[in-house]
Amino acid sequence: MKTIKGMKFETLINEIDIATRVKEMVKKIAEDSKGKEIFVIGILKGSFVFLSDLLRLFYVHNIHPSLDFITVESYGSGKISSGKLKMLRDITTDIENKWVLIVDDILDTGRTLAFAKEYFQKKNPAYIKTCVFLDKPERRVNEFKADYVGFEIPDKFVVGYGMDYDNLFRELPYVAVILDEEK
Ligand code: PRP
C-alpha cells in the first residue's frame with residue numbers, strides 16, 4: 001500500500017504484468033495488421049501512457065503507423081451525464097482505406113468507443129479495430145466489445161497508467177485502487 005497526497009492506494013496491476021500484457025497485445029496487433037497501412041487514433045486524455053507503450057513496441061515489430069488524437073466530450077445540462085457525446089477534437093488526416101486502430105485506456109459503459117467507432121466508420125477505413133488497456137464489462141450499457149483488451153477488471157475505481165482521479169495520479173506506472181482518504 002502507498003499513500004500519496006493523503007490518499008491510500010493499493011496496486012491492482014503491477015508494472016511487470018502491464019509490460020508483459022502490452023507486449024502480447026502488440027504481437028497480436030502486428031499479426032492482424034501485417035502489410036496494412038496503419039493509422040492509430042488515441043482518445044485523450046487517458047490513453048496517452050498506454051498508447052506511448054504500444055507505439056514503442058510497434059517499432060520493435062517494424063510497424064510504423066500514422067498517429068492522431070481525439071477528444072470526446074459528453075454534453076447535456078446538470079451533473080448527471082446525458083450519455084450523449086460529441087467530438088471536441090477531431091483528427092486532421094484522411095483515414096480512407098487505412099487499417100485504423102482506436103486506442104483508449106478503459107472501456108467502461110462503452111459509450112465513448114461505440115461513438116468513436118461509429119464516427120470513424122463513416123470515413124471509409126479499410127478496417128476499424130478498437131484496443132483498450134482495461135475493460136470493466138459489468139458497467140456496459142451497450143453491446144460494445146473491443147477487439148484487443150489488456151485486462152478485464154471488476155467495477156472498481158482505478159487510477160494510474162494514464163487514468164485519473166480529479167485529473168491526478170495519471171503518472172503512476174501501475175494501476176491502483178484508491179482505498180480511502182486520510183483525515
Ligand atoms: C474515460 C476513459 C474513456 C472513457 C470510457 O475518459 O478515458 O475515454 O472514460 O468511459 P465509457 O466507456 O463509459 O464511455 P474520461 O471522460 O474520464 O476522460 P479522460 O480520459 O480525459 O480522463
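A polar contact, as used here, is a pair of N or O atoms within 3.5 Å. Keep that cut-off handy, and remember that the model you're looking at is predicted.

**Exercise 1. Find which backbone atoms make polar contacts with the ligand, using lysine 45 and aspartate 108 as your test cases.**

Step 1: Start with lysine 45. One of its polar backbone atoms is 2.9 Å from an oxygen atom of the ligand. The cut-off is 3.5 Å, so this pair counts as a polar contact.

Step 2: Now try aspartate 108. Here too, a polar backbone atom and an oxygen atom of the ligand are 2.9 Å apart. That pair goes on your list as well, because it lies within 3.5 Å.

Step 3: Add a side chain to the picture. Threonine 109 has a polar side-chain atom 2.5 Å from an oxygen atom of the ligand.

Step 4: Check how covered the ligand is. On its own it exposes 500 Å², and the protein buries 72% of that.

**Exercise 2. Describe the shell of residues around the ligand.**

Step 1: Count it. There are 13 residues around the ligand, and the nearest are Asp104, Asp105, Thr109, Gly110 and Thr112.

Step 2: Sort the shell by type. You get two nonpolar, four polar and seven charged residues.

Step 3: Locate the ligand. It sits in the largest pocket. Strand E6 (99–107) and helix H3 (111–121) are the elements that give two or more residues to the shell.

Step 4: Pick the top contributor. That's E6, which gives three residues.

**Exercise 3. Work out what lines the largest pocket.**

Step 1: Note its volume, about 910 Å³.

Step 2: Look at the lining. It has 27 residues, and those nearest the pocket's centre are Asp104, Asp105, Ile106, Asp108 and Thr112.

Step 3: Name the elements. Strand E3 (38–44), strand E4 (66–75), E6 and H3 each give two or more residues to the lining. E6 has the largest share, with four residues.

Step 4: Sort by type again. The lining divides into ten nonpolar, seven polar and ten charged residues.

**Exercise 4. Where along the chain do lysine 45 and aspartate 166 sit, and what is special about their backbone?**

Step 1: Lysine 45 is in the loop between E3 and helix H2 (48–60). A cis peptide bond joins it to leucine 44, with omega at about 0 degrees.

Step 2: Aspartate 166 is in the loop between strand E9 (158–159) and strand E10 (175–181). Its phi is near 55 degrees, a positive value in a residue other than glycine.

Terms used: Residues are numbered from 1 along each chain as its sequence is written. This is a predicted model: local features need pLDDT of at least 70, side-chain atom pairs count only at pLDDT 80 or more; totals for chains, interfaces and linings use all residues. Side-chain values use heavy atoms; hydrogens and water are left out. A residue is near a molecule or strand if one of its heavy atoms lies within 4 Å of it. A polar contact is a pair of N or O atoms within 3.5 Å; within protein, one must be able to donate a hydrogen and the other to accept it, and residues adjacent in sequence count only if both atoms are side-chain atoms. Accessible areas come from the Shrake-Rupley method with a 1.4 Å probe; for residues, only the protein chains shown count as cover. On a 1 Å grid over the protein atoms alone, a cavity is a set of points where a 1.4 Å probe fits but cannot get out, and a pocket is an open set with protein on both sides within 12 Å along at least five of seven lines; lining residues have an atom within 4 Å of a point. A molecule sits in a cavity or pocket if more than half of its atoms lie within 2 Å of its grid points. Ala, Val, Leu, Ile, Met, Phe, Trp, Tyr, Cys and Pro count as nonpolar, Asp, Glu, Lys and Arg as charged, and the others, Gly among them, as polar. Grid points are joined across faces, edges and corners, and a volume is the space filled by probe spheres set on the points.
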